[in-house]
Amino acid sequence: MSNSKAPVLTPWSRRALIAIVITTSVLCVNVFLFHLLPKFVDVDNVSWLSWANNPSVAYWSAIVGLPIVFIISLFGLHRQRHSADGKAEAYHALARELSQVANKSEIVINAIGDGVVATDNKGVIQLINPAAQTIIGWGKQEAQGLDYRSVIKLTNDKNAELDTASDPVQQILQGKPSVSRNDLLLLTSSGKKINVSLLVSPVGNFNNGSIIVFRDITNEVSENNQRTEFISTASHEMRTPVASIEGYLGLALNPATAQIDDKARLYLTKAHESAQHLGRLFQDLLDVSKSEDGRLKNEPKLIELVDFVRESTSALELKAQEHNLTLVFQPDVTENSNNSITPIYHVEVDPDHLRETLSNLIENAIKYTKEGSVTVNVTGNNNNAVVSIADTGIGIAKEDIPHLFQKFYRIDNTDTREIGGTGLGLYLCRRLVESMNGRLWVESEAGKGSTFFIELARMTSKEVERQQNQFGIPSA
Ligand code: ADP
């Protein structure tokens with residue numbers, strides 16, 4: 001068997017060969033110009049060709065010119081080749097780097113404990129990592145190339161399939177920046193329903209696809225439900241005896257119903273305050289567990305916000321007086337002093353939720369203000385109405401603000417230590433405002449007072465008209 005190989009030219013010999021061809025061509029031109037041309041053309045009579053009949057030009061151009069042409073072509077070819085080699089090398093390096101990055105990303109994605117699924121801009125699955133395959137029970141080969149809805153079957157907590165508007169993946173494919181949900185259920189390939197925590201983000205710029213990251217939180221949800229149920233039952237059971245203790249202590253402290261000496265009055269007053277505190281704690285715990293286990297009903301009604309907030313504010317007038325504070329309802333002040341009329345803001349929310357939120361926030365403003373005033377205002381624009389509750393109280397330090405709406409969070413400093421509370425009020429307010437699809441936030445500075453804001457969607461006059469025609473004129 002012959003093992004013949006075609007002769008391989010080295011880069012330099014190939015370049016030399018091309019340089020020789022170029023030099024030979026130049027020699028041919030030389031021969032043509034200095035030997036053939038004078039034979040056919042009378043170059044002496046053509047002024048710009050007279051040099052062609054000069055033997056020394058022919059001689060020197062051949063002796064000096066041809067080696068120069070050879071060397072220039074040789075190095076010209078070398079440089080050209082060199083830059084081509086450089087480009088090829090750069091391309092190879094880039095390709096190597098990209099494949100390394102791709103390998104690394106794949107290693108990372110495969111090692112992540114959370115399920116990761118990537119889709120293109122039409123929702124077709126392009127990537128599914130091993131954790132996602134384990135959670136939903138679909139193999140990589142089966143899932144890739146399918147519409148995500150055939151693989152990631154999501155339902156809401158009432159087991160209803162998600163429509164396009166509420167499907168987080170559709171929201172991303174339609175241009176939303178990122179969506180996070182903890183309230184969805186996912187149907188696995190074996191027909192099991194699991195609770196998932198889900199984060200969907202867009203890939204790069206708009207309309208390039210989506211990345212779905214999710215994790216099974218069934219155990220966490222079930223533990224949380226058990227905890228909430230326990231707290232709810234315990235608070236319910238304990239609220240009744242505490243209410244009874246509070247009632248009897250009230251009777252003991254009432255001079256019309258009992259005669260006690262000053263020392264006993266002092267002790268009983270303290271016991272009464274503690275019983276009241278305990279009663280409030282159980283009530284707050286009950287409200288919180290209701291809001292967490294889905295028992296919190298949401299029954300939106302058409303409300304005229306200014307009248308509604310005025311009513312909630314005036315209900316706390318007495319409490320503000322007891323603390324020597326002025327409680328101001330700003331729309332009334334503005335109307336009286338400027339002779340102007342406050343705009344009407346209609347919202348459609350659950351009145352009980354709004355009343356509870358307002359009274360919690362105004363009570364807090366009174367509780368955490370030693371002197372000065374609490375001012376309640378209603379403002380807004382075409383889309384939103386905003387209620388603000390501003391106080392001149394102790395204020396809140398910057399580092400506490402992010403934790404303020406967490407369960408049981410109380411700021412512990414010399415100003416707050418003496419003031420009773422459960423740390424559940426703001427947490428509950430946040431849940432209530434969220435259930436009304438609103439927003440709750442605070443602006444504050446330690447020592448300079450705080451302002452809490454509730455933002456709610458404002459109804460257009462057409463929507464209000466339609467509602468009024470359907471259900472009649474609302475009351476505040
Ligand atoms: P609490 O029952 O302790 O008042 P909240 O959840 O209502 O519980 O409030 C949490 C913490 O936020 C409070 O302990 C208090 O330190 C702070 N806080 C709430 N409202 C105000 C306010 N208007 N001014 C200053 N601090 C406030």
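E434 is a residue of helix α13, and in this predicted model it counts as partly exposed because its relative accessibility is 45%, between the limits of under 20% for buried and over 50% for exposed. Between the C-alpha atoms of E434 and L456 there are 9.7 Å in space, while in sequence the two residues are 22 positions apart. The points below turn to the sheet on which helix α13 packs, and then to a nonpolar patch on the surface.

**The sheet and its helix**

- Five strands form an open sheet with mixed pairing, and their order is β8-β10-β11-β13-β12.
- The edges are taken by β8 (326–329) and β12 (439–444), each of which has a single partner strand, so one side of each is left without a neighbour in the sheet.
- On average, and with direction ignored, neighbouring strands of this sheet are turned by 15° against each other.
- Strand β10, residues 373–380, pairs with strand β11, residues 384–391, in the antiparallel sense over seven bridges, and T379 stands opposite V386 in β11.
- Helix α13, which spans residues 425–435, packs on the sheet by touching β12 and β13 (450–457), and the direction of the helix makes about 140° with that of β12.

**The nonpolar surface patch**

- Y59, W60, I63, V64, I68 and I72 together make a nonpolar surface patch of about 630 Å².
- Among these residues, I68 has its place in helix α2, which covers residues 55–111.
- I68 is classed as partly exposed because its relative accessible area is 43%.

How values were computed
Residues are numbered from 1 along each chain as its sequence is written. This is a predicted model: local features need pLDDT of at least 70, side-chain atom pairs count only at pLDDT 80 or more; totals for chains, interfaces and linings use all residues. Side-chain values use heavy atoms; hydrogens and water are left out. Two strands pair if DSSP finds at least two bridges between them. Helices (H or I, at least four residues) and strands (E, at least two) are DSSP runs, numbered from the N terminus. Axes are lines fitted to C-alpha atoms, for helices over the stretch in contact, and angles run from 0 to 180 degrees between N-to-C directions. Contact means heavy atoms within 4.5 Å. Buried means under 20% relative accessible area, exposed over 50%, partly exposed in between (1.4 Å probe, protein chains only). Patches are made of residues with over 30% relative accessible area and no salt bridge: like charges are joined within 9 Å, nonpolar side chains (Val, Leu, Ile, Met, Phe, Trp, Tyr) within 5 Å. Accessible areas come from the Shrake-Rupley method with a 1.4 Å probe; for residues, only the protein chains shown count as cover. A salt bridge is a side-chain nitrogen of Lys or Arg within 4 Å of a carboxyl oxygen of Asp or Glu.
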